[in-house]
Amino acid sequence: MRVATWNINSIRARTDRAVAFLERTGVDVLALQETKVKDAAFPREPFEALGYEVVTHGFSQWNGVAILSRVGVQDVEVGFPGMPTWGDPAAAEARALGATCGGVRVWSLYVPNGREIDDPHYAYKLAWLGALRDAAAGWLEADPQAQTALVGDWNIAPLDTDVWDVDFFAGRTHVTPAEREAFAAFAHAGWTEVSREHVPAEHTYTYWDYQQLRFPKNQGMRIDLTYATPALAARVQGVTIERQERKGKQPSDHVPVVLDLAD
DNA sequence: ATGACATGTAAAACATGA
């Protein structure tokens, strides 16, 4: 089975690219982030025509997550228990969607950006990650044999070599010790970040800004990552970062990451 | 060539992204 994650930066702007990606790779489950569309306007038909079931969670133009699966979709869960809220009035954002597909529990996650270190959004990001860690620790404790994947855009570069120039990021989000500790806390709870295990090369990125020729210069960040439970990590045979998806017309600024699972 | 921001909302300029 193949499971992929992709921050697509608007599903309506890139429906054709998503369809072509599924046809080319044969991915069975695709977790999307930043769909930027309310549920009623999600372009379901092209995917259903390919044999995928479509579950979505989105409000208007911000955030938005979805899961496409051709191996079944069960026990859909919008948000995770204890997920922090944002805004005034405070509301849950469309950043987490869980579903069991082909026996694997998949969570499509769009971690808050954080904006600036002194912005309230940064504290929200850390609280969101802490609450997710607590939920995830509970899931694994309740079922040590669980096959669960936390996939998506974590908006954290765990290592200095996950960005092109650490000096550029000095004083900015994505690389602070607090964010890295919040990320490492999942490993301390027994989860394994499987993309690094299978693609260990340094300066291998999943995101390149649209500005400043970041992609041609290969000035990117590795921030689209996958934490797996031990039982699922043992099934991962390979990971592919689909760098070619950053090329061509109207790409997302992120590329898909594909996991190959043993049967 | 992989090329110099992009998206949705709303109807111009703005919030957001990282």
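**Exercise 1.** Decide from its relative accessibility whether D162 counts as buried or exposed, then work out which residue it pairs with in a salt bridge and where the two partners sit.

*Solution.* One thing before we start: this is a predicted model.
- Step 1: D162 has a relative accessibility of 2%. The cut-off for buried is under 20%, so D162 counts as buried.
- Step 2: the salt-bridge partner of D162 is R196, with the closest N and O atoms 2.7 Å apart.
- Step 3: look up the elements. R196 belongs to helix α5 (residues 194-198), while D162 is in the loop between β8 (148-153) and α4 (177-188), so this salt bridge ties together parts 34 residues apart in sequence.

**Exercise 2.** Find which residues are joined into one network by salt bridges that share partners, and take apart the bridge between E245 and R17.

*Solution.*
- Step 1: shared partners put R17, R24, E242 and E245 into one network. For context, the structure as a whole holds 14 salt bridges.
- Step 2: in the bridge between E245 and R17, the N to O distance is 3.3 Å. R17 is in helix α1 (residues 15-25) and E245 in the loop between β13 (236-241) and β14 (257-261), so the pair ties together parts that are 228 residues apart in sequence.
- Step 3: check accessibility. E245 and R17 are both buried.

**Exercise 3.** Now run the same analysis on E77 and R105: what is their N and O separation, which elements hold them, and is each one buried or partly exposed?

*Solution.*
- Step 1: E77 and R105 form a salt bridge whose closest N and O atoms are 3.0 Å apart.
- Step 2: E77 is in strand β5 (residues 74-78) and R105 in strand β7 (residues 104-110), so we have a link between distant parts of the chain, 28 residues apart.
- Step 3: at 27% relative accessible area, E77 is partly exposed. R105 comes out at 15%, which makes it buried.

**Exercise 4.** Classify two aromatic pairs by geometry: F42 with F47, and W154 with F186.

*Solution.*
- Step 1: set up the description. A ring pair is described by how far apart the centres are and by the angle of the planes. The structure holds 15 aromatic pairs.
- Step 2: F42 and F47 have ring centres 6.5 Å apart and planes at 50°, so the pair is tilted. F42 is buried at 5% relative accessibility, and F47 is buried at 0%.
- Step 3: for W154 and F186, the centres are 5.1 Å apart and the planes are at 85°, so call this pair edge-to-face. The two are 32 residues apart, with W154 in the loop between β8 and α4 and F186 in helix α4. Both W154 and F186 are buried.
- Step 4: follow the ring pairs onward, and you get a cluster of W154, F183, F186 and Y227.

**Exercise 5.** Which arginines lie over the ring of F168?

*Solution.*
- Step 1: R172 places its charged end over the F168 ring, 4.2 Å from the centre.
- Step 2: R214 lies over the face of F168 too, at 5.1 Å from the ring centre.

**Exercise 6.** Describe how the protein meets DNA strand B: how many residues surround the strand, and which polar contacts can you list?

*Solution.*
- Step 1: 32 residues surround DNA strand B, the closest being S10, W62, R115, H174 and P216. Of the strand's atoms that come within 4 Å of the protein, 76% belong to sugar and phosphate.
- Step 2: sort the nearby surface by class, and you get 9 nonpolar, 14 polar and 9 charged residues.
- Step 3: phosphate contacts. A side-chain N or O atom of R14 is 3.2 Å from a phosphate oxygen, and the side chain of H254 has an N or O atom 3.1 Å from one.
- Step 4: a base contact. A polar backbone atom of P216 is 3.4 Å from a base oxygen.

**Exercise 7.** Inspect the backbone at S60, R115 and the D88 to P89 bond.

*Solution.*
- Step 1: recall the baseline. Most residues other than glycine have a negative phi, and most peptide bonds are trans.
- Step 2: S60 has a positive phi, near 45°, and sits in the loop between β3 (53-59) and β4 (62-69).
- Step 3: R115 also has a positive phi, near 60°, and lies in the loop between β7 and α3 (120-142). R115 is partly exposed at 43% relative accessibility.
- Step 4: the peptide bond from D88 to P89 is cis, with omega near 5°. P89 is in the loop between β5 and β6 (96-101).

Methods
Residues numbered from 1 in each chain as written. Chains lettered and ligands numbered in written order. Predicted model: local features only at pLDDT ≥ 70, side-chain atom pairs only at ≥ 80, totals over all residues. Heavy atoms only, no water. Near = heavy atom within 4 Å. Polar contact = N/O pair within 3.5 Å; in protein donor to acceptor, adjacent residues only side chain to side chain. Nonpolar A, V, L, I, M, F, W, Y, C, P; charged D, E, K, R; others polar. Salt bridge = Lys/Arg side-chain N within 4 Å of Asp/Glu carboxyl O. Helix = DSSP H or I, 4+ residues; strand = E, 2+ residues; numbered from the N terminus. Buried < 20%, exposed > 50% of the residue type's maximum accessible area, 1.4 Å probe, protein only. Phe/Tyr/Trp six-rings, centres within 6.5 Å; stacked < 30°, edge-to-face > 60°. Lys NZ or Arg CZ within 6 Å of the ring centre and 35° of its normal.
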